[in-house]
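Got the viewer open? Let's take a quick walk through this one, from the whole chain down to a single side chain.

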Amino acid sequence: MGPGQADVAEKCYHENFPWQITALCAGLTFSSYALGTVIFYLFYGLVAWGYLALCAVSLLISLRLRCTFCYYYGRRCASGLGTLSKLLFKKGDPDEFGRAKNVVPVAVLSFTVMLLPMGAAIAATALNFSWLVPVLFFLYIIVAIVPGFILRNSVFCKSCNQRELGCPACQAMHGEKMPG
């Protein structure tokens, strides 16, 4: 390999992510929502509906505040939300992608949706112990937490063109500074 060829080989971005990656990412996302809902249902059935509503709001806010500004708007990204965003919202200015006013609300909602089922499982276990709850808690960690960090780092971000353009989540996970 000649000089500069290693850099080219490392920067292989998808214009549209392969459907298998999108299916994996969407499958993990919706499986985590389902497991979280079951955990809440065991804790208190009515709260499960509230959690599902929070998941839906989180997705819509993400579509509006992140996906409309993303390189993958109207394209198949790792999560599949780029194509969905085009159906629901008009394209925004790509320079707005990394702005705190867009990043912070999505991050807060996403982490809330991710962490609430763990808190509910701990509370449910403490209040009314059942072996089912720790099993669901463990499954939730396996489906929602572990793949999110491992796959995002090694599969999703690695081939994402938005990373090159500037993505706060990707840069934070890799300890990189935002461009510009």
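**The whole chain**

Start with everything in cartoon: the protein chain has eight helices and zero strands. Keep in mind that this is a predicted model. Read from the N terminus on, the elements go α-α-α-α-α-α-α-α. Now switch on the surface, which comes to about 10400 Å², with 69% of that accessible area belonging to carbon and sulfur atoms. Of the 180 residues in the chain, 37% are buried. If you like contact maps, look at the pairs with a separation of 6 or more: 64% of those contacts are between residues 24 or more positions apart.

**Helix α4**

Next, select residues 81-88, which is helix α4. Which of its residues are buried? Color L81, G82 and S85. Looking down the axis of α4, you'll find these buried residues within an arc of 100 degrees, so they line one face of the helix. Add α3 (45-65) to the selection, since part of the cover over the buried residues of α4 comes from there. Then spin to the face turned away from the buried side, where the exposed residues K86 and L87 sit.

**On to E96**

Move along to the loop between α4 and α5 (100-127) and pick E96. Is E96 buried or exposed? E96 is buried, at a relative accessible area of 17%, which falls under the 20% cut-off. Show the side chain of K101 as well: a polar contact of 3.3 Å joins it to the side chain of E96. To finish, display F69 and N102, which, along with K101, are in contact with E96 once its neighbours within four places in sequence are left aside.

Technical notes. Residues are numbered from 1 along each chain as its sequence is written. This is a predicted model: local features need pLDDT of at least 70, side-chain atom pairs count only at pLDDT 80 or more; totals for chains, interfaces and linings use all residues. Side-chain values use heavy atoms; hydrogens and water are left out. Buried means under 20% relative accessible area, exposed over 50%, partly exposed in between (1.4 Å probe, protein chains only). Helices (H or I, at least four residues) and strands (E, at least two) are DSSP runs, numbered from the N terminus. The arc is that of the directions from the helix axis to the C-beta atoms. Contact means heavy atoms within 4.5 Å. A polar contact is a pair of N or O atoms within 3.5 Å; within protein, one must be able to donate a hydrogen and the other to accept it, and residues adjacent in sequence count only if both atoms are side-chain atoms. Accessible areas come from the Shrake-Rupley method with a 1.4 Å probe; for residues, only the protein chains shown count as cover.
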